[in-house]
Amino acid sequence: MATVLLVEDDHVVRGAMLRSLTDRGHAVHAVGTALDALRRVAAETPDLVVLDLGLPDLDGSDALRMLRGITDVPIIIATARDDEQSVVKLLRAGADDYMVKPFTGAHLDARITTVLRRVGRASRGVAPAVHSVGGLRVDVGERSAHLDGEALALTRKEFDLLAYLAARPGRVVSRRELLEEVWRQPSVGEDQTIDVHLYWLRRKMGESAAKPRYLRTVRGVGFRLVAPD
């Protein structure tokens, strides 16, 4: 199914999660500290990381930021923190999903499958799409984007946002749709994160909101990606 790195310091919980995921066909590597997780990810890229926040050597939110500095693999947070502010902070720091403890092995397995499907790693037998708009080329399978032949150095979420818009050239995409389809968080209730990602995406593409080329804002409605005039 998938190669999962499980980062959990409680040996009882770690053992139970490891057995559950292994029984469901996953190849699971388990570590108990943030440092070990960073070493493992740097040495062997897993398909997905399940990250506990209560680690003995480093707070999980700090570990998340450090992991995001070296990898774009999907990360599911396992946490006892269920307040909206904490959830929003984790998602903005780079988490793909979160689960509030306690949860079952079946629930975790379902979340892993969903996240992997979302990032395109669960359907390798399907030919990935390549979207071309003007001088922009977005290869979903390779997760690469080129503008006028030059590679764009995008973060994982910047690429997801660009790929979603490039697949719908000329169509106005609402903020609500982006939250639901790209961030998969319709209940968060904030869309400032869209503006932040669009700002950096525009900068990397050599444009701005005031002088757009590809990424156009439709005031009060949403955004659309078009070939420049």
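# Exercises on a predicted model

Asp52 is found in strand β3, which spans residues 48–52. The model used in these exercises is predicted.

## Exercise 1: Asp52

Decide whether Asp52 is buried or exposed, list what Asp52 touches beyond its sequence neighbours, and state what UniProt places at Asp52.

Solution.

Step 1. The relative accessible area of Asp52 is 5%. A residue is buried when this value is under 20%, so Asp52 is buried.

Step 2. Residues up to four places away in sequence are not counted. Asp52 then touches Val7, Glu8, Asp9, Gly60, Ala78 and Lys101.

Step 3. An unreviewed UniProt entry places the feature "modified residue: 4-aspartylphosphate" at Asp52.

Step 4. The UniProt record also lists residues 3–116 as "domain: Response regulatory", again in an unreviewed entry. Over residues 3–116 the chain is 48% helix and 21% strand. The end C-alpha atoms of this stretch are 11 Å apart.

## Exercise 2: Val49

Find the element that holds Val49, state whether Val49 is buried or exposed, and compare its separation from Ile112 in sequence and in space.

Solution.

Step 1. Val49 lies in strand β3.

Step 2. With a relative accessible area of 1%, Val49 is buried.

Step 3. Along the sequence, Val49 and Ile112 are 63 residues apart. From C-alpha to C-alpha, Val49 and Ile112 are 9.2 Å apart in space.

Step 4. Not counting residues up to four places away in sequence, Val49 touches Leu5, Val7, Val41, Val73, Pro74, Ile75 and Ile76.

## Exercise 3: Helices α2 and α3

Work out how helix α2 is oriented relative to helix α3, and classify the residues of their contact.

Solution.

Step 1. Two packed helices are described by the angle between their axes and the distance between the axes.

Step 2. Helix α2 covers residues 34–43, and helix α3 covers residues 60–70. Their axes are 10 Å apart, at an angle of about 15 degrees.

Step 3. Angles under 35 degrees count as roughly parallel, so α2 and α3 are roughly parallel to each other. The crossing of α2 past α3 is right-handed.

Step 4. On the α2 side the contact has Ala34, Ala37, Leu38, Val41 and Ala42, which meet Ala63, Met66, Leu67 and Ile70 in α3. By class, this contact of α2 with α3 has nine nonpolar, no polar and no charged residues.

## Exercise 4: Leu64

Describe the surroundings of Leu64 in helix α3, and give the separation of Leu64 from Leu179.

Solution.

Step 1. Leu64 has a relative accessible area of 0% and is buried.

Step 2. Its neighbours within four places in sequence are left aside. Leu64 is then in contact with Leu51, Ile75, Ile77, Leu90, Ala93, Gly94 and Ala95.

Step 3. Leu64 and Leu179 are 115 residues apart along the chain, and 21 Å separates their C-alpha atoms.

## Exercise 5: Two further helix pairs

Classify the orientation of α1 and α5, then that of α7 and α8.

Solution.

Step 1. The axes of helix α1 (residues 11–23) and helix α5 (residues 105–118) come within 9 Å and cross at roughly 60 degrees. Therefore α1 and α5 are oblique to each other. The crossing of α1 past α5 is right-handed.

Step 2. In this pair, Met17, Ser20 and Leu21 of α1 meet Gly105, Leu108, Asp109 and Ile112 of α5. The residues of the contact of α1 with α5 divide into four nonpolar, two polar and one charged.

Step 3. Helix α7 (residues 175–183) and helix α8 (residues 192–204) pack at about 80 degrees, their axes 10 Å apart. Therefore α7 and α8 are roughly perpendicular to each other.

Step 4. Here Arg175, Leu178, Leu179 and Trp183 of α7 meet Thr193, Ile194, Asp195 and His197 of α8. The contact of α7 with α8 has four nonpolar, two polar and two charged residues.

## Exercise 6: Helix α6

Explain why helix α6 is described as largely enclosed, and use Arg156 as a sample residue of α6.

Solution.

Step 1. Helix α6 runs over residues 156–166, and 11 of the 11 residues are buried, so α6 is largely enclosed by the rest of the structure. Among them are Phe159, Leu162 and Tyr164.

Step 2. Arg156 is part of α6 and counts as buried at 6% relative accessibility.

Step 3. Leaving aside neighbours within four places in sequence, Arg156 is in contact with Arg68, Asp72, Gly94, Asp96 and Arg143.

Definitions and conventions:
Residues numbered from 1 in each chain as written. Predicted model: local features only at pLDDT ≥ 70, side-chain atom pairs only at ≥ 80, totals over all residues. Heavy atoms only, no water. Axes fitted to C-alpha atoms, helices over the stretch in contact; angles between N-to-C directions. Helix = DSSP H or I, 4+ residues; strand = E, 2+ residues; numbered from the N terminus. Parallel < 35°, antiparallel > 145°, perpendicular 65-115°, else oblique. Left-handed = near helix turned anticlockwise from the far one by under 90°. Contact = heavy atoms within 4.5 Å. Nonpolar A, V, L, I, M, F, W, Y, C, P; charged D, E, K, R; others polar. UniProt positions renumbered as here; feature names shortened; annotations may be inferred. Buried < 20%, exposed > 50% of the residue type's maximum accessible area, 1.4 Å probe, protein only.
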